[in-house]
Amino acid sequence: MIEIKNVEKNFGKLQVLKNVSLSCQKQECIALIGPNGCGKTTLIKTILGMVLPSKGSIEFKGVNILKQYMYRSQIGYMPQIGKYPDSMTIGEVVDMIKNLRPHTQELDLDLWHQFELDKMAHKPMRTLSGGTTQKVSATLAFLFNPEVLILDEPTAGLDPLAAEILKEKIIKEKEKGKLILITSHLLSELDDLITEIIFMQDGIVEFHQKIATLQAQTGEEKISKAIAQILKKKKNEQNC
């Protein structure tokens, strides 16, 4: 569904992405993880067409996304920090996005109701806590029932109940056959969600594996421990 082929990205003399090649398919929930500055956000922005790669290409459903934009209507994006007009209410923001994004399919209002945003639709965005703003971002990401969901630190700032509601929604959408790409620093929250993991470091994809394979190779059930073991092994091999 999304094919990333030998992508590189330079900002001046700084190379942020280094020959990145990945294949992401339907029915997968993939964690994109790595330390700060490893290139995760830049990679996401290249998929969304917000950043143009210096080299390489990205295909969405077999079509190169360069100079294309309609493919974005099939992607729901939840940024780590959503920025909305301060003077608009929650309801006005949602209505604005509905009007800006042409759609014929039935809207997905699950999170709108489960987060009880319908009861606070009159509240101006400037008055909202970070967690409530996250709820608005999550609702907008799922609203148009997209084939692909890209969620950047989706549970950051959410209270435990809201985080659980969102995780259940992610699982539900994965079971429908959608491709879901999640970035997160909280690996413990991903154990029940993801089927594959991509680990990046210094602009390089260190590994891209299915969770079952990773667990079998390391003998670890917890994702964080399995990753730590793989990275420790790689470091020891480099030092030999």
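Which residues of H7 are buried? I started with that helix, keeping in mind that this is a predicted model.

**Entry 1. Helix H7**

I looked up the extent of H7 and found residues 223–239, 17 residues in all. From its first C-alpha to its last, H7 reaches 24 Å, close to the 24 Å expected at 1.5 Å a residue. I then listed its buried positions and got Ile-223, Ala-226, Ile-227 and Ile-230. Looking down the axis of H7, I saw these buried residues fall within an arc of 100 degrees, so they line one face of the helix. On the other side of H7, I noted Lys-232, Lys-235 and Asn-239 as exposed.

What do the buried residues of H7 pack against? I found three strands, S3 (29–33), S9 (196–201) and S10 (204–210), together with helix H6 (211–218).

**Entry 2. Helix H6**

I turned to H6 next. Its buried residues are Ile-211, Leu-214 and Thr-218. Seen down the axis of H6, they fall within an arc of 65 degrees, so here too I can write that they line one face of the helix. Ala-212 and Ala-216 are exposed on the other side of H6. The buried residues of H6 pack against S9, S10 and H7. After H6 comes Gly-219, and I read its phi as positive, near 75 degrees.

**Entry 3. H6 against H7**

I wanted the geometry of this pair. Two packed helices are described by the angle between their axes and the distance between the axes. For H6 and H7, I have an angle of about 65 degrees and axes 9 Å apart. The crossing of H6 past H7 is left-handed. Which residues make the contact? From H6 I listed Ile-211, Leu-214, Gln-217 and Thr-218. From H7 I listed Ile-223, Ala-226, Ile-227, Gln-229 and Ile-230. I checked this against my earlier entries: Ile-211, Leu-214 and Thr-218 are on my list of buried residues for H6, and Ile-223, Ala-226, Ile-227 and Ile-230 are on the one for H7.

**Entry 4. Nonpolar cores**

I looked up the largest nonpolar core and found 46 residues in it. Those with the most contacts inside this core are Leu-151, Leu-166, Ile-170, Ile-194, Ile-197 and Ile-227. Helix H4 (residues 130–143) gives the most to this core, with six residues. A second, separate core has 26 residues, among them Cys-24, Ile-30, Ile-44 and Val-148.

I followed up Leu-166. Leaving aside neighbours within four places in sequence, I found Leu-166 in contact with Met-78, Leu-111, Phe-115, Ala-138, Phe-142, Pro-154 and Leu-158.

**Entry 5. Two buried residues, Lys-135 and Thr-42**

Is Lys-135 buried or exposed? I placed Lys-135 in helix H4. Its relative accessibility is 14%, and buried means under 20%, so Lys-135 counts as buried. Not counting neighbours within four places in sequence, Lys-135 is in contact with Phe-115, Leu-117, Leu-158, Asp-159 and Ala-162.

Thr-42 sits in helix H1 (residues 40–47). I noted a relative accessible area of 13% for Thr-42, which makes it buried. With neighbours within four places in sequence left aside, Thr-42 is in contact with Lys-9, Phe-11, Val-16, Leu-17 and Val-51.

**Entry 6. Positive phi outside glycine**

I checked two residues here. Lys-61 is not a glycine, yet its phi is positive, about 55 degrees. I found Lys-61 in the loop between strand S4 (55–60) and strand S5 (63–64). Lys-61 is partly exposed, with a relative accessible area of 44%.

Glu-153 is not a glycine either, and its phi is positive at about 50 degrees. I placed Glu-153 in the loop between strand S7 (148–152) and helix H5 (160–175). At 8% relative accessibility, I entered Glu-153 as buried.

**Entry 7. Gly-49**

Where is Gly-49? I found Gly-49 in the loop between H1 and S4. At 24% relative accessibility, Gly-49 counts as partly exposed. Apart from residues up to four places away in sequence, Gly-49 touches Tyr-71 and Arg-72. I also took the C-alpha to C-alpha distance from Gly-49 to Gly-76: they are 13 Å apart in space and 27 residues apart in sequence.

Definitions and conventions. Residues are numbered from 1 along each chain as its sequence is written. This is a predicted model: local features need pLDDT of at least 70, side-chain atom pairs count only at pLDDT 80 or more; totals for chains, interfaces and linings use all residues. Side-chain values use heavy atoms; hydrogens and water are left out. A nonpolar core is a set of buried Ala, Val, Leu, Ile, Met, Phe, Trp, Tyr and Cys residues joined through side-chain atoms within 4.5 Å. Buried means under 20% relative accessible area, exposed over 50%, partly exposed in between (1.4 Å probe, protein chains only). Helices (H or I, at least four residues) and strands (E, at least two) are DSSP runs, numbered from the N terminus. Contact means heavy atoms within 4.5 Å. The expected span of a helix is 1.5 Å times one less than its number of residues. The arc is that of the directions from the helix axis to the C-beta atoms. Axes are lines fitted to C-alpha atoms, for helices over the stretch in contact, and angles run from 0 to 180 degrees between N-to-C directions. A crossing is left-handed if the near helix is turned anticlockwise from the far one by less than a right angle, and right-handed if clockwise.
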